Amino acid sequence: MYVVETRNLTRIYKSKHKIFGNVKEIVALDDVSFKIKEGELFGYVGPNGAGKTTTIKILTTLLLPTSGVVRVLGHDVRKEYQEIRKQINFIFGGERGFYLRLSGKDNLKYFGDLYKIKRSVLKERINSLLELVGLQEVADRRVETYSRGMKQRLHIARGLINDPKVLFMDEPTIGLDPSIAKELRNMIKSLPKQGTTVFLTTHNMFEADYLCDQIAIIDKGKIKMIGTPSDLKSTVKNKTTIKIELYGSNINTVKKRELNEKFPNHTIIKENEHKMLLSVLTSEVSQSLPTILSILDNVKISSIQIQEATLEDAYLQIVGCP
């Protein structure tokens with residue numbers, strides 16, 4: 001059974017010019033189709049503005065599609081949104097969404113009451129969820145005293161309070177320390193084993209690779225590719241990434257242009273005040289590396305790493321990042 005299904009989903013926003021009054025159409029989603037099986041952890045990745053948030057809003061019945069078919073748990077999002085809302089929940093990254101002066105336990109009681117869960121059932125569920133997310137010892141403390149990681153774990157407990165069949169998670173580990181993010185990822189990975197289907201958006205390709213059964217890549221409102229992490233990584237099969245860290249931002253325009261000419265669509269240059277990272281995807285390291293070093297003549301190099309291509313490399317190639 002498919003618990004989430006979209007067919008030719010399109011969403012168009014209309015924007016009216018303040019002075020001239022002409023209406024401009026912005027296509028946020030363009031003929032988007034995908035299916036999610038029961039018990040699957042489905043990843044949805046793409047650049048900022050690609051259409052991820054619009055998709056989540058439609059799937060969680062907060063926004064109507066312009067056209068296309070969208071069904072969640074067999075229900076049409078246009079006509080049967082009340083049935084859908086009873087059986088789903090969502091978690092957004094960040095610290096907002098709680099009553100800070102209430103305890104963690106009281107926050108969960110409040111959200112449980114919104115779903116009209118029987119008090120006897122709710123009490124038992126709150127205790128089990130607090131144990132699941134490791135907050136039982138601080139359950140009676142005010143949320144304003146919680147660390148960011150603790151608040152995010154409480155978000156997971158809140159998202160599971162109504163025992164949802166589908167849980168939507170929008171960048172749940174954003175801004176967390178690596179150790180806390182790792183804990184949270186392991187928690188998320190366990191959810192499908194407990195019967196919850198998960199729809200996850202993230203910018204972290206390592207996270208997507210580790211967690212997801214299927215991944216859809218969306219860019220400019222269109223689905224570019226859907227498959228397992230292995231399917232996506234097969235697009236860079238037999239390729240290697242050369243990563244070179246440089247001192248400062250001292251590559252001039254001529255060298256940048258030459259790099260892009262020699263390695264079209266495979267060169268990513270990230271700059272900040274202290275360093276520059278050059279990443280080149282290639283199938284011929286023995287030929288490419290001397291060429292790169294020749295172009296970078298007189299540029300101070302701090303380190304060179306040669307590694308197997310990753311999901312991030314596949315993603316960058318699929319969306320065509322320069």
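Let's start by selecting Thr6: its bridge partner in β4 is Val70. Keep in mind as you look around that this is a predicted model.

**The four-stranded sheet**

Now widen the selection to residues 2-16, which form strand β1, and residues 67-72, which form strand β4. These two strands run antiparallel and are joined by 5 bridges. Add the neighbours and you have an open sheet of 4 strands, in the order β2-β1-β4-β5, with antiparallel pairing. To find its edges, pick residues 23-37 for β2 and residues 75-76 for β5; each of these pairs on one side only.

**The six-stranded sheet**

Next, select Leu167 and look across to β8, where Val198 stands opposite. Extend to residues 166-170 for β7 and 197-201 for β8, and you will see a pair that runs in the parallel sense over 5 bridges. Both belong to an open sheet of 6 strands with mixed pairing, ordered β6-β7-β8-β3-β9-β10. Which strands stand at the edges of this sheet? Colour β6 (88-92) and β10 (222-227): each has a single partner strand, so one side of each is left without a neighbour in the sheet. If you turn the view to follow the strands across, the twist averages 15° from one strand to the next.

With this sheet still coloured, bring in helix α1, residues 52-59. The helix lies across β3 (41-45), β6, β7, β8 and β9 (214-219). Its direction is at about 150° to β8.

**The largest pocket**

Stay with β6 for the next stop, since this strand gives the largest share of the lining of the largest pocket, 4 residues. Show Asn89, Phe90, Phe92, Tyr115 and Arg158 as sticks; of the 15 lining residues, these lie nearest the pocket's centre. The space in there comes to about 220 Å³. Which elements give two or more residues to the lining? Select β6, α3 (104-114) and α5 (148-159) to see them. Colouring the lining by class will give you 7 nonpolar, 5 polar and 3 charged residues.

**The two domains**

Finally, zoom out and colour residues 2-228 as domain 1 and residues 236-319 as domain 2. Place a marker at the C-alpha centre of each domain, and the two markers will lie 35 Å apart. Where the domains meet, the contact takes 11 residues from domain 1 and 5 residues from domain 2.

Terms used
Residues are numbered from 1 along each chain as its sequence is written. This is a predicted model: local features need pLDDT of at least 70, side-chain atom pairs count only at pLDDT 80 or more; totals for chains, interfaces and linings use all residues. Side-chain values use heavy atoms; hydrogens and water are left out. Two strands pair if DSSP finds at least two bridges between them. Axes are lines fitted to C-alpha atoms, for helices over the stretch in contact, and angles run from 0 to 180 degrees between N-to-C directions. Contact means heavy atoms within 4.5 Å. On a 1 Å grid over the protein atoms alone, a cavity is a set of points where a 1.4 Å probe fits but cannot get out, and a pocket is an open set with protein on both sides within 12 Å along at least five of seven lines; lining residues have an atom within 4 Å of a point. Grid points are joined across faces, edges and corners, and a volume is the space filled by probe spheres set on the points. Ala, Val, Leu, Ile, Met, Phe, Trp, Tyr, Cys and Pro count as nonpolar, Asp, Glu, Lys and Arg as charged, and the others, Gly among them, as polar. Domain bounds come from an automatic or database domain assignment.
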